[in-house]
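Let's take a friendly walk through this structure, starting from one helix and working outward. Have the viewer open as you read.

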Amino acid sequence: MDNILILERLARLEKLLAGHKEVLTFDETCDYTGISRSYLYKLTASRRIPHSKPNGKMIFFEKDKIVKWLLQNKRKSKQDIHEQALEYALKRKLK
């Protein structure tokens, strides 16, 4: 039992350490994003996610670009929309 717990903790620590790297491997990107290997492969094959293949075989990802890609198509909260509408109304009223 102890060996299993140690291996699980080690795996979690490895994933945490991968989060501090600037360039991630394919597997590290899967762990970092939670995207399955098959779906990440489809995304790279269709060039829908930023990646590099320096030697034509191994795939690498820049962490900053992955974060930007993950956060694209943001949705505004109701509070954000309300504040934006209020700001717009006040600007129009002052003119």
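**Around helix α4**

The buried residues of α4 are covered by surroundings that include β1 (23–25), α2, α3 and β2 (60–62). Keep in mind as you look that this is a predicted model.

Which residues of α4 are buried? In this helix, which spans residues 63–70, they are Lys-63, Ile-66 and Trp-69. Looking down the axis of α4, you will find these buried residues within an arc of 120°, so they line one face of the helix. The spacing makes sense: an α-helix has 3.6 residues a turn, so residues three or four places apart point the same way. Now turn to the face directed away from the buried side of α4, and you meet the exposed residues Asp-64 and Lys-68.

Next, move to helix α3, made of residues 37–45, where Thr-44 sits. Is Thr-44 buried or exposed? Its relative accessibility is 6%, so Thr-44 counts as buried. The side chain of Thr-44 comes to 2.8 Å from the backbone oxygen of Tyr-41. Leaving aside residues up to four places away in sequence, Thr-44 is in contact with Ile-49, His-51, Ile-59 and Phe-61.

Finally, come out to the surface by way of helix α2 (residues 26–33), which holds Tyr-32. With a relative accessible area of 34%, Tyr-32 is partly exposed. Patch members need over 30% relative accessible area, so Tyr-32 passes that cut-off. Together with Leu-70 and Leu-71, Tyr-32 makes a nonpolar surface patch of about 270 Å².

Key:
Residues numbered from 1 in each chain as written. Predicted model: local features only at pLDDT ≥ 70, side-chain atom pairs only at ≥ 80, totals over all residues. Heavy atoms only, no water. Patch = residues over 30% accessible without salt bridge, like charges linked within 9 Å, V, L, I, M, F, W, Y side chains within 5 Å. Areas by Shrake-Rupley, 256 points an atom, 1.4 Å probe, with all protein chains shown as cover. Salt bridge = Lys/Arg side-chain N within 4 Å of Asp/Glu carboxyl O. Helix = DSSP H or I, 4+ residues; strand = E, 2+ residues; numbered from the N terminus. Buried < 20%, exposed > 50% of the residue type's maximum accessible area, 1.4 Å probe, protein only. Polar contact = N/O pair within 3.5 Å; in protein donor to acceptor, adjacent residues only side chain to side chain. Contact = heavy atoms within 4.5 Å. Arc of directions from axis to C-beta.
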